[in-house]
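Got a new structure in front of you and wondering what the labels on it mean? Let's go through it with some plain questions and answers.

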Amino acid sequence: MSFKIMDLENNIRPDEPRKILFYGYDEKEREAITDFLIDIEEFNFLFVDESLLDFKVKNLVYNDEFENTIYNNIPDEIISMKFMLVSGFSNKEINNLSSLLKNKGFPRPLIATLTEQNRKLKFIDLLKEIHKEHNYVLSKLKQKQNNQGIP
């Protein structure tokens, strides 16, 4: 996978189901997000928990019925991660949604869009990859700051 900066002015919606997969939110946050999203627009969303981590991303995006399985080997760094996978939204819509969530006081998640590559992964593997990429970007930013003398 590769990290790509979004063109925030891009208004073109991909030809995918309009759905958001959330991960890492507790029950109180889930209720508040649900109440908030229902008022915005009609699209599907799913809160992914440990019972759905072993499913492929495409199955979570395209389907609404799942047989629960328990995934017990969640790495510690993934457990506390807030994540949002977005399908069927333009970059501009994703940016607007992210800003709305932030303005409502929700913790800002790491965000990915549905791609040909990540749709084939199990959700847990996507989370691991996103975490790895996030840490890489953070290390590059820190390295740049150190080179510029910024503490």
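Q: Where is the place of glutamate 31?
A: This is a predicted model, and in it glutamate 31 sits in helix α1, which covers residues 27-40.

Q: Why is glutamate 31 called partly exposed?
A: Its relative accessible area is 48%. Partly exposed is the range between under 20% (buried) and over 50% (exposed), so glutamate 31, at 48%, gets the middle label.

Q: What makes the negative surface patch?
A: Asp26, Glu27, Glu31, Asp35 and Asp39 form it. Members of a patch need over 30% relative accessible area, and the 48% of glutamate 31 fits that because it is over the cut-off.

Q: How many helices and strands are in the protein, and how do the elements run?
A: You'll find five helices and four strands. Starting at the N terminus, the order is β-α-β-α-α-β-α-β-α.

Q: How many of the residues in the protein are buried, as a percentage?
A: Of the 151 residues, 38% are buried. As for the surface, the protein exposes about 9,600 Å², with carbon and sulfur atoms supplying 48% of that.

Q: What makes arginine 119 and glutamate 16 a salt bridge?
A: Their closest N and O atoms are 2.6 Å apart. The cut-off is 4 Å between a side-chain nitrogen of Lys or Arg and a carboxyl oxygen of Asp or Glu, so this pair counts as a salt bridge. The pair links distant parts of the chain: arginine 119 is in the loop between β4 (110-113) and α5 (123-147), glutamate 16 is in the segment before β1 (19-23), and their positions lie 103 residues apart in the numbering.

Q: Why is arginine 119 called buried?
A: Its relative accessible area is 11%. Buried means under 20%, so the label fits arginine 119.

Q: How do you know that glutamate 29 and lysine 82 form a salt bridge?
A: Their closest N and O atoms are 3.0 Å apart, and the limit is 4 Å, so the pair qualifies. Here, too, distant parts of the chain are linked: glutamate 29 is in helix α1 and lysine 82 is in the loop between α3 (76-79) and β3 (83-87), 53 residues apart. Both of these residues are buried.

Q: What about aspartate 54 and lysine 122: how do their side chains meet?
A: They meet in a salt bridge, at 3.3 Å from N to O. Aspartate 54 is in the loop between β2 (44-48) and α2 (57-62), lysine 122 is in the loop between β4 and α5, and the two are 68 residues apart.

Q: Why do aspartate 54 and lysine 122 count as partly exposed?
A: Aspartate 54 has 34% relative accessibility and lysine 122 has 33%. Partly exposed runs between the 20% and 50% cut-offs, so both get that label.

Q: Which residues are joined into one network by salt bridges that share partners?
A: Those are Glu16, Glu116 and Arg119. Over the whole structure, a search finds five salt bridges.

Q: Valine 86 lies in strand β3; is it buried or exposed, and how do you know?
A: Valine 86 is buried, because its relative accessible area is 2% and the cut-off is under 20%.

Q: What does valine 86 touch?
A: Leaving out residues up to four places away in sequence, it touches Lys19, Ile20, Ile94, Ile111, Ala112, Thr113 and Leu114.

Methods. Residues are numbered from 1 along each chain as its sequence is written. This is a predicted model: local features need pLDDT of at least 70, side-chain atom pairs count only at pLDDT 80 or more; totals for chains, interfaces and linings use all residues. Side-chain values use heavy atoms; hydrogens and water are left out. Patches are made of residues with over 30% relative accessible area and no salt bridge: like charges are joined within 9 Å, nonpolar side chains (Val, Leu, Ile, Met, Phe, Trp, Tyr) within 5 Å. Accessible areas come from the Shrake-Rupley method with a 1.4 Å probe; for residues, only the protein chains shown count as cover. Lys and Arg count as positive and Asp and Glu as negative; His and the chain ends are not counted. The place of a charge is taken as NZ of Lys, CZ of Arg, CG of Asp or CD of Glu. Buried means under 20% relative accessible area, exposed over 50%, partly exposed in between (1.4 Å probe, protein chains only). Contact means heavy atoms within 4.5 Å.
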